[in-house]
Amino acid sequence: MQRFSKSNIFMNDRYTILAPQGRGHFTDRLGELFLTLGHYLDTEQMEGRQMQFAKIFLSDAQNQYGDLKKSVLYKEYLATVPNTIIEQPPLDGSKISILVKTSTSEPQFIFHSIRLKEEETRGANSYIQTMLIFDKYLEDIRKRGLTLKEHCVRTWIYVADIDVNYQGMVNARNDIFRNQGLTPDTHFIASTGIGGFSQTRSASVAIDFLTFPNIKECNKRYLQALDHLNPTHEYGVSFERGTCLTLDGDDTCFISGTASIDKNGKCLYMGDISRQTARLLENIGALLHDGGMTMADARYFLIYLRDPSDSFVVEQFMRQAYPETPHILLQGKVCRPEWLVEMECVASKR
């Protein structure tokens, strides 16, 4: 599987999603992906693009992580760029799928993928584990002369057994942000908080951080779309619905995980996967409009489903509505049980 938007051809950055077509042993699929990714990168190089980043989705991190790290796919390609590995099973049955970013320009970001070790998680609930991970991140960026408040643009927070562990993560993030000077009167950070597992069996939290060392606050705009969505702090959480970053004449919108809710934060169309999908895409469109963009500027969609049996309906919807925009369906429980589906995206425009 290889999908990339035709509109990406005119941008510095391009995103594609790759997955093996074979259904054999996991190591066979790694071998197939090695050839597929190598061919793709060769064609990208002809247009002056190099791989900048990779996001790797596994169906079973406990059994697949070791084989992945030992594979020629990882050693020759994926390990050469910032990458993240997370257990969120691809719902096409591929066992492993990869989101790849290529670009004609040099990377302007720092990417942290922080995972706790087994010994760090012993006796530590999701609150403490979130604190530990943020401490590791803050210690590193302090050494670089950076701050969470000004330079961190996006986070992805993966919560194992999210129905149980989500609130502890939320409480920890609220406390950290308060201590770092992030409040409803200043700003928060675009984020997706979603179900996911790392390779550490006992870890309840794993976090990825996207940091831009050369930005200032004037380079950022925070997207609201208040006619569609309410501020997140109204229901006790602290993240931005979306952040638009302007660098070198390009605008990039990072849209947080978005669900089927109204301007009061109420879930719409409970139990109806089709209508929830349509509403959340309407919400994303409203956020992009606030950033001066449209859905045509979206470069990819990551789609999280609580119930894998809903994948056929959502896949058909996306193929009809956005046939040229890369997307992937993943099994990832959303933080509220009534939310059947959540999506995030990146959009860009010169």
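In this predicted model, Asp161 sits in the loop that links strand S7 (152-159) to H7. Its backbone is a bit out of the ordinary: phi of Asp161 comes out near 50°, a positive value in a residue other than glycine. Most residues other than glycine have a negative phi. Asp248 shows a similar feature, with phi near 55°, again positive in a residue other than glycine. That residue belongs to the loop between strand S11 (242-247) and S12, and it counts as exposed because its relative accessibility is 64%, above the 50% cut-off.

Helix H7 (residues 162-179) also holds Asn174. With a relative accessibility of 17%, Asn174 counts as buried, since the limit is set at under 20%. What does Asn174 touch, not counting residues up to four places away in sequence? The list is Gly236, Val237 and Ser238. As for Gly236, its backbone oxygen is 3.0 Å from a polar atom of the Asn174 side chain.

Turning to the interior, the largest nonpolar core takes in 88 residues, and the ones with the most contacts inside it are Leu148, Phe212, Phe301 and Ile303. A second core, separate from this one, has 23 residues, including Leu18, Phe26, Leu68 and Val81. Nonpolar side chains tend to be buried together in soluble globular proteins. Around Leu148, and leaving aside neighbours within four places in sequence, the contacts include Phe134, Tyr137, Leu138 and Ile141. Ile176, Phe177, Gln180, Leu182 and Ile189 are also in contact with Leu148.

Then there is the sheet. Six strands form an open sheet in the order S10-S11-S12-S15-S13-S14, and the pairing is mixed. Strands S10 (220-223) and S14 (327-331) stand at the edges; each has a single partner strand, so one side of each has no neighbour in the sheet. From one strand to the next, the twist averages 15°. At the S14 edge, strand S13 (residues 298-305) runs parallel to S14 and is joined to it by 5 bridges. Within this part of the sheet, Tyr304 stands opposite Leu330 in S14.

Two helices can be placed against these strands. Helix H8 (residues 273-290) lies across S10, strand S12 (250-258), S13 and strand S15 (341-349), and runs at about 30° to S15. Helix H9 (residues 311-321) packs on the sheet too, where it touches S13, S14 and S15. The direction of H9 makes about 165° with that of S14.

Methods
Residues numbered from 1 in each chain as written. Predicted model: local features only at pLDDT ≥ 70, side-chain atom pairs only at ≥ 80, totals over all residues. Heavy atoms only, no water. Helix = DSSP H or I, 4+ residues; strand = E, 2+ residues; numbered from the N terminus. Buried < 20%, exposed > 50% of the residue type's maximum accessible area, 1.4 Å probe, protein only. Polar contact = N/O pair within 3.5 Å; in protein donor to acceptor, adjacent residues only side chain to side chain. Contact = heavy atoms within 4.5 Å. Core = buried A, V, L, I, M, F, W, Y, C linked by side-chain atoms within 4.5 Å. Pairing = 2+ DSSP bridges. Axes fitted to C-alpha atoms, helices over the stretch in contact; angles between N-to-C directions.
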